[in-house]
Amino acid sequence: MSSYQSLEGVPSLAKLDRAEEFKGAGGFIIATDPLSQRAADVRAHRVNWQSYLQGQMISQEDFQFIREFDNVSAENREKVLQDKGMQAVKTFQNLMGKISKDQTVQYILTMVDDMLQEKHDRVNLFFDYAKKMKTAPWSQFINMLNRQDQFVINQAARIIAKLACWGRELMEGSDLTYFFTWLKNQLVAKDNDYRQTVAGCLMMMLRINEYRLGFMRLDGINTLVTVVAGNKIGFQLQYQITFSMWLLAFNAEIAMQMDRYNVIPVLSDVLRESVKEKVTRIVLATFRNLLEKPTDRECIKDHALAMIQCKVLKHLEVLEGQKFEDPDITDDIEFLEEKLQESMQDLSSFDEYSSEVRSGRLEWSPVHKSEKFWRENAGRLNEKNYELLKILIRLLETSKDPQILAVASHDIGEYVRHLPRGKHLIETLGGKQLVMQHMHHEDQSVRYQALLAVQKLMVHNWEYLGKQLQAA
């Protein structure tokens, strides 16, 4: 049974994703996104069903129904569907299967989408017909995702999402995997004019907890972070993707894993640059979920430290001085400030360091050059299966930022200076080779720190070699 409901008891945010929509003439949804604009044009170009009948492309039965349904008033549409619901689905399926002209298929899909949008429980007509035919209610629409016409595939996706969310049964197995994979691919396709529609489908799906888990298992969080971190996506898509992250974070299991994907640093950037209240609101709400929903206290602590490291607390102080239409924003600011201030009081130098490394945003904070810090904590870089060391080495391999490369090289050097036996581990993990490569970096500070780190690595090599020669 589907559990599609009002967004976990947060009605104010439930309304936000409809902020740009309003009812237009005839009861249709009018919006600023490209698909809705195109749908208005599609509705205006009526189809000559008589020509399809005369060309023997459709049956007399389908012709009679579609002609009646296409001309019925909104007030009488419900009575037609009550009397001929199964025939409606049968006709739609037949027409989509027999007619190949894109313009007509666009019209049929828009008709179906409007019908479902008008009254959500009409999706059960498709479930009833699918049960009779021993197939899935969304099968024919999933097949349409392979077509070339962009309006057709995105309108089909809207219908799939509605069937998957509003019907009496949930989508599962290969169908769910295929649909989520399609949504992911469409989100990262930069030439896709309908990404807002795709994101809207995802927002709808992720209201249901079972779908959240399915999306996470397909590495969906990584896709969302990639899109938000990209340039020039526009505030509406930025809002929709963050909204999806907010929905995911209602699941405790998912919330405890989200910062592995750099969610907090990326959303911190969004918060800092946001000029739209609803974007600010949804980022704050996501941060709140990341501090409220996890069941593991250590995870909550890590999330709070990551927010502190990303200067969220400082930005909250800026937001405090602003006026917002939505009172929930003030409530979230107060909640986050309280939780982050509590974490600040318990913050050790190693907590600060580990949070900074995990964020991937290294800077010359005091701990890096503290002799006392390295003397007391060098060995702790081996904890959790060398997690922090591996991150430092990954940054040496992937980062283009000279400051990050310089700090990472410095920290590798300090690690082996205070923990000589760690040099073999650094070499095994590929760190030594990366540091040596950065000795030729174009940035002077990177070259300098890489040179110092290599000297610290080699000193231990020479000491070890000297002992071996003496023993011989």
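These exercises look at three residues of a predicted model.

**Exercise 1.** Where is Lys 311 found, and is Lys 311 buried, partly exposed or exposed?

Solution.
- Step 1: Locate the residue. Lys 311 sits in the loop that joins α18 (297-309) to α19 (312-320).
- Step 2: Look at the backbone. The phi of Lys 311 is positive, about 65°, although this residue is not a glycine.
- Step 3: Classify the exposure. The relative accessible area of Lys 311 is 36%. Partly exposed covers the range between under 20% and over 50%, so Lys 311 is partly exposed.

**Exercise 2.** Which helix holds Asn 385, and does Asn 385 count as buried or exposed?

Solution.
- Step 1: Locate the residue. Asn 385 belongs to helix α23, which spans residues 383-398.
- Step 2: Look at the backbone. Asn 385 is not a glycine, yet its phi is positive, at about 60°.
- Step 3: Classify the exposure. Relative accessibility is 52% for Asn 385. Exposed means over 50%, so Asn 385 counts as exposed.

**Exercise 3.** Describe the surroundings of Leu 396 in helix α23.

Solution.
- Step 1: Classify the exposure. Leu 396 has a relative accessible area of 2%. Buried means under 20%, so Leu 396 is buried.
- Step 2: List the contacts, leaving aside neighbours within four places in sequence. Leu 396 is in contact with Leu 405, Ala 408, Ser 409 and Ile 412, and also with Gly 431, Leu 434, Val 435 and His 438.
- Step 3: Check a separation. Ser 355 is 41 residues from Leu 396 along the chain, and their C-alpha atoms are separated by 18 Å.

How values were computed:
Residues numbered from 1 in each chain as written. Predicted model: local features only at pLDDT ≥ 70, side-chain atom pairs only at ≥ 80, totals over all residues. Heavy atoms only, no water. Helix = DSSP H or I, 4+ residues; strand = E, 2+ residues; numbered from the N terminus. Buried < 20%, exposed > 50% of the residue type's maximum accessible area, 1.4 Å probe, protein only. Contact = heavy atoms within 4.5 Å.
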